[in-house]
Structure formats: structure tokens, C-alpha cells
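Here are my notes on the model you sent over. I've put them as numbered points so you can go through them with the structure open.

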Amino acid sequence: MATSVLMKHSPSGLVRHGYYGFSWTYLLFGGFVPLFRGEIGIGVLHLLVGIFSIGFWNLIVAFLFNKQYTRRMLERGYVLADTDDKMAKARVKLGISLPA
């Protein structure tokens, strides 16, 4: 099951949710999920691959999508901004370490 963690973009102050774990939303709606989350290019690519694979792609990516989405947010300058417990669990699941 997907777990949510708050993330903050330091320069702009924008706060969004990052996720990790299995994505039922992606399994059911496929490439529309990245589109709704604002990732247009990735959404179009996922829609096309999902169509050509007759939905098999959605089954595989449902296990990977939330982690990849949250890591892309981290690459864009977001930082974890939730409770210490939630951030510790997210770091373990996402495979990230504390900044030095």
C-alpha cells in the first residue's frame, strides 16, 4: 500500500505529498496518474506504453511508480518535511541517506 510523506520545495515554499509503496491508483488509471501529478512527458510516455502493452505495463509499474515519483521530486529540490518517524521510514523505503 502507498504511504504518503510531506515534501517541501525550499525555494518556493510549496508543500506536496510524496509517496512510496504499491500504487493502486497507477494500477487502475495508468498513465493518467503522472499527468494529474503534473508530469506531462512521463504521463504521455506511460499512456503510450500502457496502450501498446495492453495494460501489462500498469501491473509492473504499479510496484515502482510511487518511489520513482518521489525520487524525481527530491531531484527537483524537494526535501522531506514530515514528522521524524515518517521521514525515517521514507528514507529507508526510498533508499536515501541523511545529508552530510
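1. Which residues does Thr70 touch, leaving out those up to four places away in sequence? Keep in mind that this is a predicted model. Thr70 sits in helix 5, and its contacts are Met7, Gly18, Tyr19, Tyr20 and Leu94. With a relative accessibility of 0%, Thr70 counts as buried, because the cut-off for that is under 20%.

2. Leu94 from that contact list takes us to helix 6. Met87, Ala90 and Leu94 are the buried residues to look at there. Look down the axis of helix 6 and its buried residues fall within an arc of 60°, so they line one face of the helix. As a reminder, an α-helix has 3.6 residues a turn, so residues three or four places apart point the same way. The cover over the buried residues of helix 6 includes strand 1 (3–9), strand 2 (15–20), helix 5 and strand 3.

3. Now turn helix 6 around. On its other side, Asp84, Val92 and Lys93 are exposed. Just after the helix comes Gly95, with a positive phi near 70°.

4. Helix 6 also holds a salt bridge, between the side chains of Asp85 and Lys89, at 3.5 Å from N to O. The two residues are four apart in helix 6 (residues 84–94), about one turn of the helix. Asp85 has a relative accessible area of 48%, so it is partly exposed. Lys89, at 47% relative accessibility, also counts as partly exposed.

5. How many salt bridges are there in total? The count comes to three. Besides the pair in helix 6, have a look at Arg72 and Glu39, whose side chains meet at 2.8 Å, N to O. This pair links distant parts of the chain, with Arg72 in helix 5 and Glu39 in the loop between helix 2 and helix 3, 33 residues apart. Both Arg72 and Glu39 are buried.

6. Glu39 has another partner: its side chain also meets that of Arg76 in a salt bridge, at 3.5 Å from N to O. Arg76 lies in the loop between helix 5 and strand 3 (78–80) and Glu39 in the loop between helix 2 and helix 3, so this pair ties together parts that are 37 residues apart in sequence. Are these two partners buried or exposed? Glu39 is buried, with a relative accessible area of 6%, whereas Arg76 is partly exposed at 41%. Through shared partners, salt bridges join Glu39, Arg72 and Arg76 into one network.

7. On to helix 3 (residues 40–52). At 1.5 Å a residue, its 13 residues should span 18 Å, and the end C-alpha atoms are 19 Å apart, which agrees. Gly43, His46 and Gly50 are buried in this helix. Seen down the axis of helix 3, the buried residues fall within an arc of 65°, so here too they line one face of the helix. Helix 1 (24–29), helix 2 (32–36), helix 4 and helix 5 are among the elements that cover them.

8. What does the face of helix 3 turned away from its buried side carry? You'll find the exposed residues Ile40, Gly41, Leu45, Ile51 and Phe52 there.

9. Please check the backbone at Ile54, in the loop between helix 3 and helix 4. Its phi is near 55°, a positive value in a residue other than glycine. Ile54 has a relative accessible area of 79%, so it is exposed.

10. Finally, the surface. Phe56, Leu59, Ile60, Phe63 and Leu64 form a nonpolar patch there, with about 500 Å² of accessible area together. One of them, Phe63, lies in the loop between helix 4 (56–61) and helix 5 (65–75). Phe63 has a relative accessibility of 56%, so it counts as exposed, the cut-off being over 50%.

Terms used:
Residues are numbered from 1 along each chain as its sequence is written. This is a predicted model: local features need pLDDT of at least 70, side-chain atom pairs count only at pLDDT 80 or more; totals for chains, interfaces and linings use all residues. Side-chain values use heavy atoms; hydrogens and water are left out. Patches are made of residues with over 30% relative accessible area and no salt bridge: like charges are joined within 9 Å, nonpolar side chains (Val, Leu, Ile, Met, Phe, Trp, Tyr) within 5 Å. Accessible areas come from the Shrake-Rupley method with a 1.4 Å probe; for residues, only the protein chains shown count as cover. A salt bridge is a side-chain nitrogen of Lys or Arg within 4 Å of a carboxyl oxygen of Asp or Glu. Buried means under 20% relative accessible area, exposed over 50%, partly exposed in between (1.4 Å probe, protein chains only). The expected span of a helix is 1.5 Å times one less than its number of residues. The arc is that of the directions from the helix axis to the C-beta atoms. Contact means heavy atoms within 4.5 Å.
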